[in-house]
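Work through these exercises with the sequence and the model side by side. Try each task before reading its solution.

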Amino acid sequence: MRTKRLWLVGALLAGAVALGAAQEETLQVVIHAFGQGQAGNGEWVELLVVGTGPGSTVDLRGWVFRDHQGLDRGGVYLTFTDHPVWAEVRAGTLIVFYNAGDRPNLPPHFPDDDLAPDDFLLVLPAVTGDHFVLAQWAGLGNTGDSLVLLAAEGQLVDGLSYADRSGQLPQIPNVGRGQAAGYVGTSVVGVNDPALWVVGRDAPGGSNPGEPNSEENRAWIERLRSAAQE
Ligand SMILES: [Ca+2]
Ligand SMILES: [Ca+2]
């Protein structure tokens, strides 16, 4: 009896270690789309706030968005400030930020700056100021990279990799020069499923910065927003 119980404890511990190795994501906010721009470094990233579902909010103060290189030469590293707009971001909000150092190369349908969260859309230049501290935006890799979003205490919120640089899930095909990728799923459940990611040209008809990525995807986002609108 005693031996059996010890065996069970051992099996449970082994399971916990295996889960830890998989870098569990909180998915309170998901990386929802990103683009490489028309050329150069006209890059942008779109996050979707999911929280715990419709009507919930997330505190993004102190969070970090970075790529594989991070603070090293060639990387992207952006920190969310303590600005009040980040304290209670409502589920269904799309947060789009872009490389302000190469604005002319953003895609032609890229939305205007939008600092008011009441319409569930924020569009911000990635610059050091009220909303962010930008350590570096040297560029997202054109032949593969990984993107991660980290909460203030450092836990992984969401990650992805393209052309498989790091093992972050999902591992989607390369998103190269002039291309963009977006999640077309209908809930948070599929966000790590590469089959639910579409890679296309970062241009009208191929990417959707600040907009849902498919009709089904729109229905999910509207559901997230619905509780706050009632
Ligand atoms: Ca790039
Ligand atoms: Ca992920």
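The exercises below go from overall confidence to single residues in this predicted model.

**Exercise 1. Confidence**

Task: Find what the mean pLDDT of the protein is, and over which residues it falls below 50.

Solution:
- Start with the average. The mean pLDDT is 91, and 89% of the residues reach 70 or more.
- Now look for the weak stretch. Residues 6-21 have a pLDDT below 50.
- Check how that stretch is attached. Beyond near neighbours in sequence, residues 6-21 have 1 contact in the model.
- Draw the practical conclusion. Where pLDDT is low, predicted coordinates should not be read in detail.

**Exercise 2. Overall make-up**

Task: State how many helices and strands the protein has, and what share of its residues is buried.

Solution:
- Count the elements. There are 2 helices and 14 strands.
- Turn to burial. Of the 230 residues, 39% are buried.
- Then consider contacts with a separation of 6 or more. Residues 24 or more positions apart account for 64% of them.

**Exercise 3. The first sheet**

Task: Give the strand order of the open sheet that contains E7, and say which strands stand at its edges and why one side of each is left without a neighbour.

Solution:
- Read off the order. Six strands run E8-E7-E2-E1-E13-E14, with mixed pairing.
- Find the ends. Strand E8 (121-125) and strand E14 (197-201) each have a single partner strand, so one side of each lacks a neighbour in the sheet.
- Add the twist. From one strand to the next it averages 20 degrees.
- Compare the two pairings of E7. E7 and E8 run parallel and are joined by 5 bridges. E2 and E7 pair in the antiparallel sense, over 5 bridges.
- Place some residues. Leu94 stands opposite Leu121 in E8. Phe97 has Leu124 of E8 as its bridge partner. Leu47 has Ile95 of E7 as its bridge partner.

**Exercise 4. A strand covered on both faces**

Task: Work out why E7 counts as largely enclosed, and which residues lie on each of its faces.

Solution:
- Recall the rule. In a regular strand, side chains alternate between the two faces of the sheet.
- Sort the residues. Leu94, Val96 and Tyr98 lie on one side of E7. Ile95 and Phe97 lie on the other.
- Test for burial. In E7, 5 of the 5 residues are buried, so the strand is largely enclosed by the rest of the structure.

**Exercise 5. The second sheet**

Task: Give the strand order of the open sheet that contains E5, and name its edge strands.

Solution:
- Read off the order. Six strands run E9-E5-E4-E10-E11-E12, again with mixed pairing.
- Find the edges. Strand E9 (132-137) and strand E12 (171-172) each have a single partner strand, so one side of each stays without a neighbour in the sheet.
- Inspect one pairing. E5 and E9 run antiparallel, joined by 5 bridges. Val76 stands opposite Trp137 in E9.

**Exercise 6. The nonpolar core**

Task: Find which residues have the most contacts inside the largest nonpolar core, and which elements supply it.

Solution:
- Size it. The largest nonpolar core has 52 residues.
- Pick the hubs. Val29 and Leu47 have the most contacts inside it.
- Trace the sources. Elements that each supply at least two residues include strand E1 (29-35), strand E2 (44-49), strand E10 (145-150) and helix H2 (215-229).
- Zoom in on one hub. Leaving out residues up to four places away in sequence, Leu47 touches Val29, Val30, Ile31, His32, Ile95 and Leu149.

**Exercise 7. Backbone details and one buried alanine**

Task: Locate the cis peptide bond, decide whether Phe120 is buried or exposed, and list what Ala181 is in contact with.

Solution:
- Cis bond: the peptide bond from Leu169 to Pro170 has omega near 0 degrees. Pro170 sits in the loop between E11 and E12.
- Phe120: its phi is near 65 degrees, a positive value in a residue other than glycine. Phe120 lies in the loop between E7 and E8. It has 20 C-beta neighbours inside 10 Å, so it counts as buried.
- Asp164: its phi is also positive, near 55 degrees. Asp164 is partly exposed, with 14 other C-beta atoms within 10 Å.
- Ala181: this residue is in strand E13. It is buried, with 26 other C-beta atoms within 10 Å.
- Contacts of Ala181: beyond four places in sequence, they are Ala33, Phe34, Tyr162, Ile172, Val175, Trp197, Val198 and Val199. The C-alpha atoms of Ala181 and Trp197 are 6.6 Å apart.

Key
Residues numbered from 1 in each chain as written. Chains lettered and ligands numbered in written order. Predicted model: local features only at pLDDT ≥ 70, side-chain atom pairs only at ≥ 80, totals over all residues. pLDDT = per-residue confidence, 0-100. Contact = placed C-beta atoms within 7 Å. Core = buried A, V, L, I, M, F, W, Y, C linked by C-beta atoms within 7 Å. Buried ≥ 20, exposed ≤ 12 C-beta atoms within 10 Å, placed from the backbone. Helix = DSSP H or I, 4+ residues; strand = E, 2+ residues; numbered from the N terminus. Pairing = 2+ DSSP bridges. Axes fitted to C-alpha atoms, helices over the stretch in contact; angles between N-to-C directions.
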